[in-house]
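These are my notebook entries on what I looked up in one structure. I went through it topic by topic and wrote down what I found.

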Amino acid sequence: VLASVLFVGVLTVYIFTMHPSVSGGDNGELLGCSCELGVAHPPGYPTFTILGWLFVQLLRVGSPAFRVAVMSAAFNAGASAILMLSIQRWFLLIYRTGTDLGAVRPSAQASSEDSKTQPATTTAAAAP
């Protein structure tokens, strides 16, 4: 539930603050390739091109530039929700196991404990 609220919140902020048309840089080239299923300059960005084409075809609101910008906003909002779920799961793992995953033993203590648990080894000289 919290992830979906975060998704909607981030998507809203992205949509209200995004550039309404073509901005500078590679935006125009990538937008043109998304509209026609073309190939952009290397490396080509095939996933972006195909997903952009799908958004241009399926989302019939606004210009193609707006549609591709909505696609980018939706994927960025989804990434923030997935990151939040990952962090939430990590903290839940720490809580359930009762371990402190971030604890680090001091090096002096670790070396003295390691010498107590491991038997002393001797190196034999190689036979001639």
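## Overall fold

I began with the secondary structure and counted five helices and zero strands in the protein chain. The model is a predicted one, and I kept that in mind for every entry below. Read from the N terminus on, the elements of the protein chain run α-α-α-α-α. I then looked up burial and noted that buried residues make up 20% of the 128 residues in the protein chain.

## Helix H2 and the cysteines

I turned next to helix H2, which spans residues 27–36 and holds Ser34. Is Ser34 buried or exposed? Its relative accessible area is 0%, so Ser34 is buried. I also looked for a partner to its side chain, and found that a polar atom there lies 2.9 Å from the backbone oxygen of Leu30.

On either side of this serine I checked the sulfur atoms of Cys33 and Cys35. How many disulfides does a search of the whole structure find? The search of the whole structure returns zero disulfides. Cys33 is in no disulfide, and the nearest cysteine sulfur, that of Cys35, is 9.3 Å away. The entry for Cys35 reads likewise: Cys35 is in no disulfide, with the sulfur of Cys33 as the nearest cysteine sulfur at 9.3 Å. For the reasoning I needed the cut-off, which asks for two cysteine sulfur atoms within 2.5 Å, so a pair at a greater separation is not counted. As for accessibility, Cys33 counts as buried because its relative accessibility is 8%, whereas Cys35, at 28% relative accessibility, counts as partly exposed.

## The loop between H2 and H3

I then followed the chain into the loop between H2 and H3, where I looked up backbone geometry at Leu37, Pro43 and Tyr45. As background I wrote down that most residues other than glycine have a negative phi, and that most peptide bonds are trans.

Leu37 is not a glycine, yet has a positive phi of about 55°. Its relative accessible area is 43%, and Leu37 is therefore partly exposed. Tyr45, which is not a glycine either, has a positive phi of about 50°. Tyr45 counts as partly exposed because its relative accessibility is 35%.

Which residues does a cis peptide bond join? I found that this bond joins Pro42 and Pro43, with omega at about 10°.

In the loop between H2 and H3 I also looked up His41, which counts as partly exposed at 27% relative accessibility. His41 and Glu29 are twelve residues apart in sequence, and I noted a C-alpha to C-alpha distance of 8.4 Å between them.

## Contacts of helix H3

Helix H3 covers residues 46–58 and contains Phe55; Val56 lies in helix H3 as well. Is Val56 buried or exposed? With 5% relative accessibility, Val56 counts as buried. I paired Val56 with Val70 and noted that they are 14 residues apart in sequence and 9.9 Å apart in space, C-alpha to C-alpha.

For the aromatic rings I counted two aromatic pairs. Why is the pair of Phe55 and Phe75 edge-to-face? The ring centres of Phe55 and Phe75 are 6.1 Å apart and the planes are at 65°, so the pair is edge-to-face; the cut-off I applied for that label is over 60 degrees. This pair links distant parts of the chain, with Phe55 in helix H3 and Phe75 in helix H4, 20 residues apart. Both rings belong to partly exposed residues: Phe55 is counted so because of its 23% relative accessibility, and Phe75 because of its 43%.

## Surface of helix H4

My last entry concerns the surface. Which residues make a nonpolar surface patch of about 510 Å²? I listed Leu83, Ile87, Trp90, Phe91 and Leu93. I looked further into Leu93, which lies in helix H4, residues 64–97. At 44% relative accessibility, Leu93 counts as partly exposed; the patch rule takes residues with over 30% relative accessible area and no salt bridge.

Technical notes. Residues numbered from 1 in each chain as written. Predicted model: local features only at pLDDT ≥ 70, side-chain atom pairs only at ≥ 80, totals over all residues. Heavy atoms only, no water. Patch = residues over 30% accessible without salt bridge, like charges linked within 9 Å, V, L, I, M, F, W, Y side chains within 5 Å. Areas by Shrake-Rupley, 256 points an atom, 1.4 Å probe, with all protein chains shown as cover. Salt bridge = Lys/Arg side-chain N within 4 Å of Asp/Glu carboxyl O. Helix = DSSP H or I, 4+ residues; strand = E, 2+ residues; numbered from the N terminus. Buried < 20%, exposed > 50% of the residue type's maximum accessible area, 1.4 Å probe, protein only. Phe/Tyr/Trp six-rings, centres within 6.5 Å; stacked < 30°, edge-to-face > 60°. Polar contact = N/O pair within 3.5 Å; in protein donor to acceptor, adjacent residues only side chain to side chain.
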